[in-house]
Amino acid sequence: MPIAEVCVFIGLPESIIAAACSRSGQRVLHVDSKSYYGGNWASFSFSGLLSWLKEYQENSDIVNESPAWQEQILENEEAIALSRKDKTIQHVEVFCYASQDLHEDVEEAGALQKNHAAVTSANSTEAADSACLPTEDESLSTASCERPAEQTPSSDAESALEVNDAEATGEKENHCDDKTCVPSTSEEETGENVPTVEDTAEQPKKNRITYAQIIKEGRRFNIDLVSKLLYSRGLLIDLLIKSNVSRYAEFKNITRILAFREGRVEQVPCSRADVFNSKQLTMVEKRMLMKFLTFCMEYEEHPDEYKAYEEITFSEYLKTQKLTPNLQYFVLHSIAMTSETASSTIDGLKATKNFLHCLGRYGNTPFLFPLYGQGELPQCFCRMCAVFGGIYCLRHSVQCLVVDKESRKCKAIIDQFGQRIISKHFLVEDSYFSENTCSHVRYRQISRAVLITDRSVLKTDSDQQISILTVPAEEPGTFAVRVIELCSSTMTCMKGTYLVHLTCTSSKTAREDLEPVVQKLFTPYTETEIENEEVEKPRLLWALYFNMRDSSDISRSSYNDLPSNVYVCSGPDCSLGSDNAVKQAETLFHQICPNEDFCPPPPNPEDIILDGDSVQPEASESSAIPEANSETPRESANLGNPEEPSE
């Protein structure tokens, strides 16, 4: 009968807590019914994403059977049944606009076995062995793939975590068993995303990107389920540096902040140099903007200048500050990134100060993005947990929590094999609870879209731009849409394409919320436009829409009859950063280990002394990877030693 001190169900907050507990000497068991790390924080290759879609289709067809584990519950015990269905994803719709000349012999490059992605139209009655795609106006409700869902490769950086300005090279591959995840680098895939001679032969026309190419280059894609960025002085970056988990990943700086105004996309000046070099602003506007931003950096020292406006929105406050409509728009939507109708003056000033505070640490924008996608972050903390003895069991479902009637504490879980696993503490992601447990919980929803396009929304001399754009809400009751556009140097898409993430708080289904913005920024790919090199908007090759549950900010008291040693972790929220996950992880960790430091750095190998001359397992792990404060190439900025803030 396995015994652990902390039993965890996987997600980013849970992964952080697991790493912290393992680092403090707790025995940690990390279990998940899924075949990949991170839950709704995960990233997938293209074929892996299609498999994930198929899993959710099959998941919706699960019928709850009479649980056999009830026979194992003793007289002095009771059980809290866990849900077999994951209901966090809804309203999934997929569209393919790229040329669909997919042949049976097309398979993903680097695949271990022949593998066809079968995509079935919602209105189709045919079952096809090879991919069968709908027309532009048909949506996909299912997608199937013969092999298990392939998650994003884990970044096993051989140097300390770096912020790369040069395009990263190499593609990494996960080999995961039930306990640990061991990344490796394939020698055959160490080049950049450069098409082979065979690929070039399939492109007789310069801009012709087919669905067959996307399938074949599927391993070049790392598609996040949740779209976020990291503030360069945010809690997650600070935690990565403090814990030395930074050595397990690499980052790139976001290169541009964009605005959508009067039907056009334009770049927003951020730093002092950007402001004075901008051709969009007059000299008077430049002075106005710099004066206001200087005030925002130290607004708390001048309460008389904003106290009278605390009860109004930030949008109304900006109108009192002698800013032109042009500057008001930039500050509200591209710097503060707050709601025009819901954010107070204090909220707006705090957001603006945070934006400015993060400028210059690693580049001219406040944001970083992890190479290979956001799904790297849970894996980085999982790896730290494993280094200090944590055990991982994927594809291992849990049937129920066993509660002692007398003490009202959870004493064990029963897994899919009827085996009891005893633990002192249980961290459970909200999605695992049944409807009975969550009957009083009221969830919000997040609307998400993932697009593959053929070029950037704002064309420049460089095709390797990483951009964030906010499109304001146009109708009452709707929300602003955040757009993050990733280029191939982020290792999230194939060469010649862009991966675009759209996110907003849901008011309807994801497609209803986001399709109007997609239509403003992109045009569907059609064969008749292939020869036209001057298409005004980027062409849309492929699109996925879905709604994701937002379980953040839900009080523990909303859940029915939870034992005191069962801790609830929320899934992803709609915010741009991950501060909520870090705050939640630290709070719960201190409840479990009240006298321990939260994620301290691991000891240096030379400081570890054991009986005799043996070396701890983590020593070899650490010795293979330089410390986070080691020097990096001139083109890279190290997380531990950021550049001096730029003016």
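So, helix 9: its buried residues are Asn-326, Leu-327, Gln-328, Tyr-329, Phe-330, Val-331, Leu-332, His-333, Ser-334 and Ile-335. That makes ten of the eleven residues in the helix, so helix 9 is largely enclosed by the rest of the structure. Keep in mind that what we're looking at is a predicted model.

What do those buried residues of helix 9 pack against? Quite a list: strand 14 (256-261) and strand 15 (264-267), then helix 7 (283-297), helix 8 (314-319) and helix 10, and also strand 22 (467-471). And after helix 9 comes Met-337, where phi is positive, near 55°.

Hang on to Met-337, as it takes us to the largest pocket. That pocket has a volume of about 1200 Å³. Its lining counts 40 residues, and the ones nearest the centre are Ala-336, Met-337, Thr-338, Ser-339 and Ser-343. If you want to know which elements give two or more residues to that lining, they are helix 9 (325-335), helix 10 (345-358), strand 23 (481-486), strand 24 (498-505) and helix 13 (579-592). Which of them gives the most? That's helix 10, with five residues. As for the chemistry, the lining splits into 16 nonpolar, 15 polar and nine charged residues.

Okay, helix 13 came up there, so let's stay with it. Helix 5, residues 235-243, packs with helix 13 at an angle of about 55°, and their axes are 8 Å apart. Angles between 35 and 65 degrees fall outside the parallel and perpendicular ranges, so helix 5 and helix 13 count as oblique to each other. On the helix 5 side you'll find Leu-235, Leu-236 and Leu-239, and they meet Asp-579, Val-582 and Lys-583 of helix 13. By class, the residues in that contact are four nonpolar, no polar and two charged.

Now for a bit of backbone. Most residues other than glycine have a negative phi. Met-337 was one with a positive value, and here are two more. Arg-395 isn't a glycine, yet its phi is positive, about 55°. You'll find Arg-395 in the loop between strand 17 (391-393) and strand 18 (398-404). The other is Cys-599, with a positive phi near 50°, and it sits in the loop between helix 13 and helix 14 (617-623).

So, are these two loop residues buried or exposed? Arg-395 has 45% relative accessibility, so it counts as partly exposed. Cys-599 is at 0%, and therefore counts as buried.

One more residue while we're on burial: Gly-48, over in helix 2, residues 46-59. Gly-48 is buried too, with a relative accessible area of 0%. How far is Gly-48 from Arg-219 in sequence, and how far in space? They're 171 residues apart along the chain, but C-alpha to C-alpha the distance is 8.8 Å.

That pair leads nicely to the whole chain. Take contacts between residues at least 6 apart in sequence: 74% of them join residues at least 24 apart. The chain has 647 residues, and buried ones make up 57% of them. And the secondary structure comes to 14 helices and 28 strands.

If you open the model afterwards, start at helix 9 with its ten buried residues, move on to Met-337 just after it, and from there look into the largest pocket. That's it from me.

Methods. Residues are numbered from 1 along each chain as its sequence is written. This is a predicted model: local features need pLDDT of at least 70, side-chain atom pairs count only at pLDDT 80 or more; totals for chains, interfaces and linings use all residues. Side-chain values use heavy atoms; hydrogens and water are left out. On a 1 Å grid over the protein atoms alone, a cavity is a set of points where a 1.4 Å probe fits but cannot get out, and a pocket is an open set with protein on both sides within 12 Å along at least five of seven lines; lining residues have an atom within 4 Å of a point. Grid points are joined across faces, edges and corners, and a volume is the space filled by probe spheres set on the points. Helices (H or I, at least four residues) and strands (E, at least two) are DSSP runs, numbered from the N terminus. Ala, Val, Leu, Ile, Met, Phe, Trp, Tyr, Cys and Pro count as nonpolar, Asp, Glu, Lys and Arg as charged, and the others, Gly among them, as polar. Buried means under 20% relative accessible area, exposed over 50%, partly exposed in between (1.4 Å probe, protein chains only). Axes are lines fitted to C-alpha atoms, for helices over the stretch in contact, and angles run from 0 to 180 degrees between N-to-C directions. Angles under 35 degrees count as roughly parallel, over 145 as roughly antiparallel, 65 to 115 as roughly perpendicular and the rest as oblique. Contact means heavy atoms within 4.5 Å.
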